[in-house]
Amino acid sequence: MSQIQTQTRELTEEETVKLIRKVIEEGKEEAVYILTLELRNRWSGCGYLYLYRESLEVLEGNADIVTLSRSEFNCSEVEELAIIPKTLPVLIKVVYRDEDPEVSDTVTYYVFTSDGWKSIKVSLPKP
């Protein structure tokens, strides 16, 4: 009887990103579990900073957060993230602050349950 030798190794970050992109682009069944977000770290015209991402945090559960790309666009830093849940449920909170005193800050909650991903965006009063 012959023995098959196998070798296991961790995927590199680049290999992980390629695999996630392939799953999403091919519309594989697993893609419904992956939440992709395009988040801006700064968001405005070139002369003045109006809106910025204050935080992204996992409030409940466990998830892998993989940066698919990072770029600059129109004086903003843009991150494309893939969030892959490892538990049920997963609750994620993203907070945006606006420097304009007349404009509300916002928080978006993303929840992953057995029904998939859902989100709700809520305005926050100014402190």
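**Figure 1. A hairpin joins strand β6 to strand β7 through six residues.** The whole model is predicted, and local features are described only where pLDDT is at least 70, side-chain atom pairs only at pLDDT 80 or more, whereas totals for chains, interfaces and linings use all residues. Residues are numbered from 1 along each chain as its sequence is written, and side-chain values use heavy atoms, without hydrogens or water. Helices (DSSP runs of H or I, at least four residues) and strands (runs of E, at least two) are numbered from the N terminus. Within the hairpin, β6 and β7 run antiparallel and are joined by seven bridges; two strands count as paired if DSSP finds at least two bridges between them. Tyr-96 has Thr-106 in β7 as its bridge partner.

**Figure 2. Strand β6 also pairs with strand β3.** Strand β3 covers residues 51-60 and β6 covers residues 90-98. The two run antiparallel, with eight bridges between them. In this pairing, Val-58 stands opposite Ile-92 in β6. Strands of a sheet pair through backbone hydrogen bonds, in either a parallel or an antiparallel manner.

**Figure 3. Three strands form an open sheet in the order β1-β5-β4.** The pairing in this sheet is antiparallel. Strands β1 (35-40) and β4 (63-73) stand at the edges, and each has a single partner strand, so one side of each is left without a neighbour in the sheet. From one strand to the next, the twist averages 20°. Ten bridges join β4 to β5 (residues 76-85), and these two strands run antiparallel. Glu-72 has Glu-77 of β5 standing opposite.

**Figure 4. Helix α1 lies across β1, β4 and β5.** This helix comprises residues 13-25 and runs at about 90° to β4. Contact here means heavy atoms within 4.5 Å. Axes are lines fitted to C-alpha atoms, for helices over the stretch in contact, and angles between N-to-C directions run from 0 to 180 degrees. A link between helix and sheet is provided by Arg-21 and Glu-80, which form a salt bridge with the closest N and O atoms 2.9 Å apart. Because Arg-21 lies in helix α1 and Glu-80 in strand β5, the pair ties together parts that are 59 residues apart in sequence. A salt bridge is a side-chain nitrogen of Lys or Arg within 4 Å of a carboxyl oxygen of Asp or Glu, and by this rule the count comes to nine. Arg-21 is partly exposed at 26% relative accessibility, and Glu-80 is partly exposed at 23%. (Buried means under 20% relative accessible area, exposed over 50%, and partly exposed in between, with a 1.4 Å probe and protein chains only.)

**Figure 5. A salt bridge within helix α1 joins Lys-18 and Glu-14.** The closest N and O atoms of this pair are 3.5 Å apart. Being four residues apart in helix α1, Lys-18 and Glu-14 are separated by about one helical turn. Lys-18 is exposed, with a relative accessibility of 54%; Glu-14 is also exposed, at 54%.

**Figure 6. Asp-115 and Lys-118 meet in a salt bridge through their side chains.** The N to O distance is 3.9 Å. Asp-115 is exposed at 61% relative accessibility, while Lys-118 is partly exposed, with a relative accessible area of 47%. Elsewhere, salt bridges that share partners join Glu-54, Arg-97, Asp-105 and Lys-126 into one network.

**Figure 7. Tyr-33, Phe-112 and Trp-117 are linked by ring pairs into a cluster.** Rings of Phe, Tyr and Trp (its six-membered ring) pair if their centres lie within 6.5 Å, and planes under 30 degrees apart count as stacked, over 60 as edge-to-face and the rest as tilted. A search of the whole structure finds two aromatic pairs. The ring centres of Tyr-33 and Phe-112 are 6.0 Å apart and the planes stand at 70°, so this pair is edge-to-face. It links distant parts of the chain, with Tyr-33 in the loop between α1 and β1 and Phe-112 in strand β7, 79 residues apart. Tyr-33 is partly exposed, with a relative accessible area of 44%, whereas Phe-112 is buried at 6% relative accessibility. Phe-112 and Trp-117 form a tilted pair, 5.2 Å centre to centre and with 50° between the planes. Trp-117 is buried, with a relative accessible area of 18%.

**Figure 8. Model confidence in the protein chain is lowest in strand β2 and highest in strand β7.** Confidence is given as pLDDT, the predictor's score for each residue from 0 to 100. The protein chain averages 85, and 91% of the residues score at least 70. The mean is 68 in β2 (residues 42-43) and 95 in β7 (residues 105-113).
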